[in-house]
Amino acid sequence: MRMASLGSGSKGNSLIISARKGAHCTCIMLDCGFGIRETERRLARNGISPSDLSAIVLTHEHGDHAGGAFRFAQRHRLPIWMSAGTFQALEGRETNVEVSFCHDGEPFSIGDMQLIPFTVPHNAREPLQFCITDGNHKLGVLTDTGRLTAHLCAALKGCSTLMIECNHDVDMLEKSSYPSSLKQRIRGEWGHLSNDDTVTLLKEISHPRLKKVVGAHVSQQSNTYACVQATLENAVNQYGSEVVVATQEEGFGWLNMD
Ligand SMILES: [Zn+2]
Ligand SMILES: [Zn+2]
């Protein structure tokens with residue numbers, strides 16, 4: 001299994017995950033937060049054609065995750081998976097696209113991949129994040145989460161690769177030029193995870209077979225990529241896991257999970 005990010009942050013998110021079984025390849029797009037042309041351009045940068053994709057999976061309705069989904073899916077005839085709440089929140093934008101619903105704790109399959117959705121606290125209708133496995137590797141993805149819950153910690157146990165939100169540094173957010181209402185929303189229970197939150201989470205769920213950790217959804221106003229890299233390296237130092245940081249412009253190139 002391998003993955004590549006088309007970009008990650010408040011201006012747009014999209015992650016490509018691909019699994020090969022014999023001659024058959026399953027490739028999914030987790031979130032589609034860029035416009036059609038931009039998504040196509042970013043796919044091409046990673047050597048992916050839209051026709052390589054099997055489906056789009058959405059975490060929640062916010063524009064930086066779902067903004068391009070229906071138009072891209074319609075243009076390239078792709079089915080979309082999402083929660084019923086996300087679908088309701090996006091109502092009116094739906095076009096001629098096949099939509100399937102997924103639910104917290106209920107695994108479903110796309111080709112040779114199994115996805116296990118889990119609920120997170122975030123200011124959206126029914127946000128889900130996902131663990132994805134091909135039977136050999138387990139990838140856990142967690143962004144757009146206001147606080148850590150026992151439920152999400154349990155869901156992310158035993159992952160060989162983790163992509164976790166490191167949205168803000170608490171002090172940098174405090175000193176940023178954001179209005180205080182926005183600061184409150186970001187650090188609130190339904191907002192985003194800070195670097196400190198992510199370290200707390202890693203203390204709880206990291207283990208000797210955790211091979212890779214990716215920092216994601218990093219704020220360009222109240223965090224730095226260098227700070228996230230150093231924080232994560234320090235947090236998984238004892239296991240020697242590889243650390244990568246996803247950027248808004250570049251995301252990251254193909255990352256093998258074995
Ligand atoms: Zn977001
Ligand atoms: Zn969001």
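In this predicted model, two zinc ions share a ligand: Asp144 forms a bridge between the zinc ion (ligand 1) and the zinc ion (ligand 2), and the two ions sit 3.6 Å apart. The pair ties together distant parts of the chain, with Asp64 belonging to helix α2 (residues 63–66) and Asp144 to the loop that runs between β10 (138–142) and α5 (150–155). Asp64 and Asp144 are 80 residues apart.

A closer look at the zinc ion (ligand 1) shows who else takes part. Its coordination comes from Asp64 (OD), His65 (NE2), Asp144 (OD) and His217 (NE2), at 2.1 to 2.3 Å. Read along the chain, these donors of the zinc ion (ligand 1) are spaced as D-H-x78-D-x72-H. The angles among the four donor atoms span 92 to 160 degrees, and the site of the zinc ion (ligand 1) is irregular.

Elsewhere in the model, a pair of helices deserves a visit. Helix α8 (residues 195–205) packs with helix α9 (residues 225–235) at an angle of about 20 degrees, and their axes are 10 Å apart. Because angles under 35 degrees count as roughly parallel, α8 is roughly parallel to α9. The crossing in which α8 passes α9 is right-handed.

The residues that bring these helices into contact can be followed from either side. From α8 come Asn195, Thr198, Val199 and Leu202, which meet Cys227, Val228, Thr231, Leu232 and Ala235 in α9. Sorted by class, this contact of α8 with α9 holds six nonpolar residues and three polar ones, with no charged residues.

Terms used
Residues are numbered from 1 along each chain as its sequence is written. Chains are lettered from A and ligands numbered from 1 in the order in which they are written. This is a predicted model: local features need pLDDT of at least 70, side-chain atom pairs count only at pLDDT 80 or more; totals for chains, interfaces and linings use all residues. Side-chain values use heavy atoms; hydrogens and water are left out. Axes are lines fitted to C-alpha atoms, for helices over the stretch in contact, and angles run from 0 to 180 degrees between N-to-C directions. Helices (H or I, at least four residues) and strands (E, at least two) are DSSP runs, numbered from the N terminus. Angles under 35 degrees count as roughly parallel, over 145 as roughly antiparallel, 65 to 115 as roughly perpendicular and the rest as oblique. A crossing is left-handed if the near helix is turned anticlockwise from the far one by less than a right angle, and right-handed if clockwise. Contact means heavy atoms within 4.5 Å. Ala, Val, Leu, Ile, Met, Phe, Trp, Tyr, Cys and Pro count as nonpolar, Asp, Glu, Lys and Arg as charged, and the others, Gly among them, as polar. Donors are N, O and S atoms within 2.8 Å of the metal (3.2 Å for Na, K and Ca); water is not among the atoms, so sites may look incomplete. Four donors count as tetrahedral if all angles lie between 85 and 135 degrees; four count as square planar and six as octahedral if opposite donors are over 155 degrees apart and all others between 65 and 115; anything else is irregular.
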